[in-house]
Each structure stands twice: as C-alpha cells, then as structure tokens.
Amino acid sequence: MIFFTAIGLLILAFICHLILWRIRRPARFTLAFFIIFLIFYFGIFFITFLPGDIFRFTLLYWSSALVYIILYSAIDQQSPTLAIVDFIKTHGDFGCDESAIIQYLAPEDEIKKRLMAMTQSGWVSQEGQYWVLTQQGKMFAALFGGAAKFFGLNRGG
Amino acid sequence: MNGEWLLSFSPIISLMVAVFAQIILSHQSKKIGQSIVFGVLLGLFIQIGLLCLLRKYTPINWQDDCAELLTFFSLCFCFWAFLNLNLTSLRIRLLHELNSGLQLTTENLLQKYSPTELIKRRIDRLKLSGQIKQENNNWILNSRKLLIFVYVSSFLRNVLMVNRGGNGN
C-alpha cells in the first residue's frame with residue numbers, strides 16, 4: 001500500500017510538472033518542484049495509514065522526490081564534462097586536440113554565470129568591486145567545508 | 001523498538017552504515033569513488049539483512065521490500081549527490097575561495113579560474129577515470145559509459161522541455 005501510494009502520487013506530481021512546464025517554465029524550478037511535490041504529498045490524507053506507515057511513506061516519497069529534483073538540476077544545464085564527451089565522440093576514432101575542446105566549449109562566462117546564480121541564491125553580494133559572502137553563503141561554505149574534511153573529500157570544481 | 005518501527009528506520013540505519021564505511025575508507029585510502037561504492041554496497045547488505053531478519057517479527061511482503069530498498073537507494077543517491085557537489089561543483093569551489101579571507105574581484109576570479117583551467121581539470125578527471133585517452137595528441141573516447149548519460153540527458157531535456165542553457169554545473 002505504501003509503495004504503490006508513493007509511486008502513484010510521485011507519478012501524478014511528475015505529470016503535473018510536465019503540464020506546467022509546457023504552459024510556463026518557472027524561473028525557480030527547485031521551489032516549483034517542492035511546491036508540486038508538497039501538494040501531492042497531502043494526498044496521503046485520503047488514505048488511512050498507521051503512524052509508522054506515515055513515516056515510511058514520507059521517507060520514501062521525499063527521498064524519491066529529492067532524487068528527481070537533483071536529476072533535473074543535472075540536466076537543466078548541460079554538464080561541461082558530458083559536453084566534452086559528446087564533442088570528442090563527434091570526432092570519431094580520430095579524436096580532437098585540447099585546443100579544439102577549449103574553443104568549442106568557450107566557457108568564458110562560466111565564472112560570471114556562477115556568480116550571478118550565487119547572487120540570486122543569496123550566497124554572495126558585491127561590495128564595490130569585491131565579492132563577499134552573505135551570512136547564508138558563509139553558512140553553506142562552513143557546511144561544505146566541514147563536509148569535505150569529515151568525508152575525506154578533495155575540493156574539486 | 002518493535003518490528004514495524006525498525007522496518008521504518010531500516011533505510012536510515014543502512015544509510016548510516018554506508019556513510020560511516022565511506023568516511024573510514026576515504027580517510028584511510030583517499031580513494032573517494034571506491035569508498036562511496038563500498039559504503040553503498042555495505043549499506044545494501046545491511047538493508048537486505050534487516051528485511052530478512054524483520055520477517056520473523058512483522059509481516060513483510062514484496063511491496064515493503066520494494067519500498068524500503070527504493071528509499072535506501074534514494075537516500076544513497078542524495079548522499080552521493082551531496083559529496084559530488086564538493087568534488088565537482090564550481091559554485092562550491094567559488095564559495096570556498098570567497099570564504100578564504102582574500103578580497104577578490106571578478107577579474108581575480110576569472111584569472112584564477114580561466115576557461116582553459118576549467119576544461120583541463122575536467123579532461124584530467126575524464127582521463128583518470130578512463131573515459132578518454134590521448135593518442136597522437138588527440139583525445140579519443142576510451143569508454144562509452146558516459147555516452148549513455150549524454151543520450152539520456154539529451155532525451156530527457158527534450159521530453160521535459162528544459163531550456164537549452166549554456167554549459168554549467
């Protein structure tokens with residue numbers, strides 16, 4: 001019952017998302033997804049669940065919803081890594097040199113795009129010509145910095 | 001804690017095992033990818049073990065198995081995505097840079113993260129993972145694994161009517 005209810009509501013949320021995107025794609029899709037999934041989550045009130053089942057359903061529903069949001073974020077903008085792979089593939093067995101890849105991707109405005117996105121998210125602001133972290137940005141920097149040490153990660157980018 | 005609640009918490013318990021295994025292995029071996037895979041496999045083993053064990057105490061059918069396994073895999077994916085942000089996200093890298101205490105302008109950042117450096121970093125990563133190799137100064141595909149992601153991503157972007165933005169991560 002929990003499994004089919006969760007899958008059913010997730011499918012309904014997905015269909016709603018498809019319809020909405022064809023009408024008008026929201027600028028802040030993450031927020032839009034959370035609202036859509038939240039609306040359909042309340043579908044459980046039409047079904048009689050025990051408290052333990054509600055917890056299981058909630059965990060299944062929201063973890064699956066998060067997976068979809070993360071996957072959507074990944075395809076929303078083409079990954080540079082996948083763009084490189086795709087570009088090399090088009091050159092077949094002969095391949096291509098590094099300068100051709102750099103010229104093709106031409107990510108000159110990558111930093112500016114990221115800074116714009118971070119400004120919109122409220123992570124950074126500009127004071128004169130200098131970029132500074134907001135309180136929210138400092139919080140996320142501490143979170144990811146702590147996570148890098150805790151999980152033994154190398155900082156990439 | 002009775003069987004029903006233990007069943008409810010089993011994906012979280014399995015995820016915690018996966019996370020702890022990943023932490024221990026990544027600190028010891030410095031092989032992040034392997035530590036994540038090992039952690040997930042260990043967590044999966046615990047999850048399946050818990051499902052088998054709990055059958056003695058609470059009625060569990062195949063739908064419950066599907067629900068708990070799907071929850072476990074979803075939680076693992078979210079964990080992997082969080083780790084991946086630290087490893088590959090340019091945004092997170094910028095965050096650390098700006099948190100370093102240095103006063104940085106757009107020009108400083110553009111110099112430090114030049115287009116060439118960004119691409120070379122990704123090419124190095126692809127080379128290390130065996131996805132591409134160099135022959136006569138040219139890069140060629142060594143594996144078609146990532147092509148699956150390229151095709152699926154392209155198909156989904158058409159179906160979901162995602163705007164074709166620039167390259168980003």
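Hi everyone. Before we look at a pocket, one bit of vocabulary: Ala, Val, Leu, Ile, Met, Phe, Trp, Tyr, Cys and Pro count as nonpolar, Asp, Glu, Lys and Arg as charged, and the others, Gly among them, as polar. Please keep in mind that this is a predicted model.

With that in hand, let's go to the second largest pocket. About 150 Å³ of space lies inside the second largest pocket. What does its lining look like by class? There are 8 nonpolar residues and 1 polar one, with no charged residues. You can find them on screen: A:Ile7, A:Leu10, A:Ile11, A:Phe14, A:Phe37, A:Ser64, A:Ala65, A:Tyr68 and B:Leu70. Helix α1(A) gives the most to this lining, with 4 residues, and α3 of chain A, residues 51–76, supplies at least two.

Now let's turn to a pair of helices. Helix α6 of chain A covers residues 110–120, and helix α4 of chain B covers residues 90–98. They pack at an angle of about 75 degrees, with their axes 10 Å apart. Angles of 65 to 115 degrees count as roughly perpendicular, so α6(A) is roughly perpendicular to α4(B). Which residues meet there? From α6(A) come A:Ile111, A:Arg114, A:Leu115, A:Ala117 and A:Met118, and they meet B:Leu90, B:Arg91, B:Leu94 and B:Leu95 in α4(B). By class, that contact has 7 nonpolar and 2 charged residues, and no polar ones.

Last stop: B:Ser35, in helix α2 of chain B. Is B:Ser35 buried or exposed? Its relative accessible area is 0%, and buried means under 20%, so B:Ser35 is buried. Leaving aside neighbours within four places in sequence, B:Ser35 is in contact with B:Gln22, B:Leu25 and B:Ser26. Thanks for listening!

Definitions and conventions
Residues are numbered from 1 along each chain as its sequence is written. Chains are lettered from A and ligands numbered from 1 in the order in which they are written. This is a predicted model: local features need pLDDT of at least 70, side-chain atom pairs count only at pLDDT 80 or more; totals for chains, interfaces and linings use all residues. Side-chain values use heavy atoms; hydrogens and water are left out. Buried means under 20% relative accessible area, exposed over 50%, partly exposed in between (1.4 Å probe, protein chains only). Contact means heavy atoms within 4.5 Å. On a 1 Å grid over the protein atoms alone, a cavity is a set of points where a 1.4 Å probe fits but cannot get out, and a pocket is an open set with protein on both sides within 12 Å along at least five of seven lines; lining residues have an atom within 4 Å of a point. Grid points are joined across faces, edges and corners, and a volume is the space filled by probe spheres set on the points. Axes are lines fitted to C-alpha atoms, for helices over the stretch in contact, and angles run from 0 to 180 degrees between N-to-C directions. Angles under 35 degrees count as roughly parallel, over 145 as roughly antiparallel, 65 to 115 as roughly perpendicular and the rest as oblique.
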